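Biologist: Can you walk me through this one? I would like to start with the annotation and then go through the pockets and cavities.

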Amino acid sequence: MNELELKKFANQIRVETLKSLVNLGFGHFGGSLSIVETLAVLYGKVMNLDPKDPQWSVRDYFVLSKGHAGPALYSTLALKGYYPLNQLLTLNKNGTNLPSHPDRLKTLGVDVTTGSLGQGISIAAGIALSHQLRKMPNRTFCIVGDGELNEGQCWEAFQFIAHHQLTNLTIFVDYNKQQLDGYLTDIINPFDLEKKFQSFGFSTVEVKGDDIMALYKVLSQSHTKPLVVILNSVKGQGVSYLENLNNCHHLRLDQDSRLAIEQAITQLEAKYAS
């Protein structure tokens, strides 16, 4: 995909994510939308995948450690052809293959079951180490939430990753500055994430969370240390109504919010219609 195609892909992911959440009537809007561009770059340009063979032995692996952003991942996988788009409307409903948080036993294309914060990055470390030991070409990509970094298990995993020089693993920190209960600085101040990761032995780069080409450029470069990309993102990214809310981590829609988001969907669909 070229730049325009990647932007269109990100727009499609955002639209389908919003549609599935509006259809459900509630869900994790904020943290799903803040990773849309990252998913577009990974699945549209960077990762080695085959939707017709989800268990392909040399595929790249993706771990959504912040599992509550599952709706964005599901939309991405559907758009890549892992399953029909209309399946997105079954999100979190009885009998669905698309539960609230990713489940590798239910959803094609999901490599790791996540939801208990802190665990996904540890699993990603294990996957990367297994491929390193076997001299396999597979790469692993993992998104962790900034609020998730309150979990000590994350930092144990980071120390393990740096010690074993797992350069086949790339970590994204979705630095949208809010978590379930409010702003990071009011709950547990993260201080300088870039310096913290550098002190742990990582190559560290900060990128604007919606800058598709900057993300691709970073991922196209080689690094002698494991890479952390700090995504300077916004909760509800790409939808001004959500961006301007005090907290859109999880929303149960009322009539006004539903109307505002439906209007946003219409605007997004028209963005690349011509």
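Modeller: What follows is a short walk through this predicted model.

Biologist: What does UniProt list for residues 7-257?

Modeller: The UniProt record, an unreviewed entry, gives "domain: Transketolase N-terminal" for that stretch.

Biologist: And how much helix and strand is there over residues 7-257?

Modeller: Over residues 7-257 the chain is 39% helix and 15% strand. The C-alpha atoms at the two ends of that stretch are 26 Å apart.

Biologist: On to pockets. What volume does the largest pocket have?

Modeller: About 280 Å³. The largest pocket is lined by 19 residues, and those closest to its centre are His-68, Leu-117, Glu-148, Gln-179 and His-249.

Biologist: How does the lining of the largest pocket split by class?

Modeller: Eleven of the lining residues are polar, six are charged and two are nonpolar.

Biologist: You mentioned His-249. What does Gly-27 contact, sequence neighbours aside?

Modeller: Leaving out residues within four places in sequence, Gly-27 is in contact with Leu-21, His-249, His-250 and Leu-251. Gly-27 belongs to strand 1, residues 26-27.

Biologist: Is Gly-27 buried or exposed?

Modeller: Gly-27 counts as buried, because its relative accessibility is 7% and the cut-off for buried is under 20%.

Biologist: How far is Gly-27 from Ile-212 in space?

Modeller: They are 25 Å apart, C-alpha to C-alpha, with their positions 185 residues apart in sequence.

Biologist: Now closed spaces. How many cavities of 30 Å³ or more turn up in the whole structure?

Modeller: Two. The largest cavity holds about 50 Å³ of space, and the second largest has a volume of about 40 Å³.

Biologist: Which residues line the largest cavity?

Modeller: Its lining consists of Tyr-43, Met-47, Leu-49, Pro-54, Arg-59, Asp-60, Phe-62, Tyr-82, Gly-109 and Asp-111. By class that is six nonpolar, three charged and one polar.

Biologist: And which residues line the second largest cavity?

Modeller: Phe-62, Val-63, Leu-64, Leu-73, Pro-102, Val-110, Asp-111 and Val-112. Seven of them are nonpolar, one is charged and none is polar. Phe-62 and Asp-111 are also listed in the lining of the largest cavity.

Biologist: Which element gives the most to the lining of the second largest cavity?

Modeller: Strand 2, with three residues.

Biologist: Which way do the side chains in strand 2 point?

Modeller: Strand 2 covers residues 61-64, with Tyr-61 and Val-63 pointing one way and Phe-62 and Leu-64 the other. All of them are buried.

Biologist: In what sense do strand 2 and strand 3 pair?

Modeller: The two pair in the parallel sense, over four bridges. Strand 3 runs over residues 140-145, and its Thr-140 stands opposite Tyr-61.

Biologist: Change of topic. Where does Ser-20 lie?

Modeller: Ser-20 is in helix 1, which spans residues 3-24. Its relative accessibility is 2%, so Ser-20 counts as buried.

Biologist: Which residues is Ser-20 in contact with, leaving aside its neighbours in sequence?

Modeller: Beyond four places in sequence, Ser-20 is in contact with Pro-71, Leu-88, Leu-89 and Leu-91. As for Gln-87, that residue is 67 residues from Ser-20 along the chain, and their C-alpha atoms are separated by 9.3 Å.

Biologist: Fine, that covers my list.

Technical notes. Residues numbered from 1 in each chain as written. Predicted model: local features only at pLDDT ≥ 70, side-chain atom pairs only at ≥ 80, totals over all residues. Heavy atoms only, no water. Buried < 20%, exposed > 50% of the residue type's maximum accessible area, 1.4 Å probe, protein only. Contact = heavy atoms within 4.5 Å. 1 Å grid on protein atoms, 1.4 Å probe; cavity = no way out; pocket = protein on both sides within 12 Å on 5 of 7 lines; lining within 4 Å. Points joined across faces, edges and corners; volume = space filled by probe spheres on them. Nonpolar A, V, L, I, M, F, W, Y, C, P; charged D, E, K, R; others polar. UniProt positions renumbered as here; feature names shortened; annotations may be inferred. Pairing = 2+ DSSP bridges.
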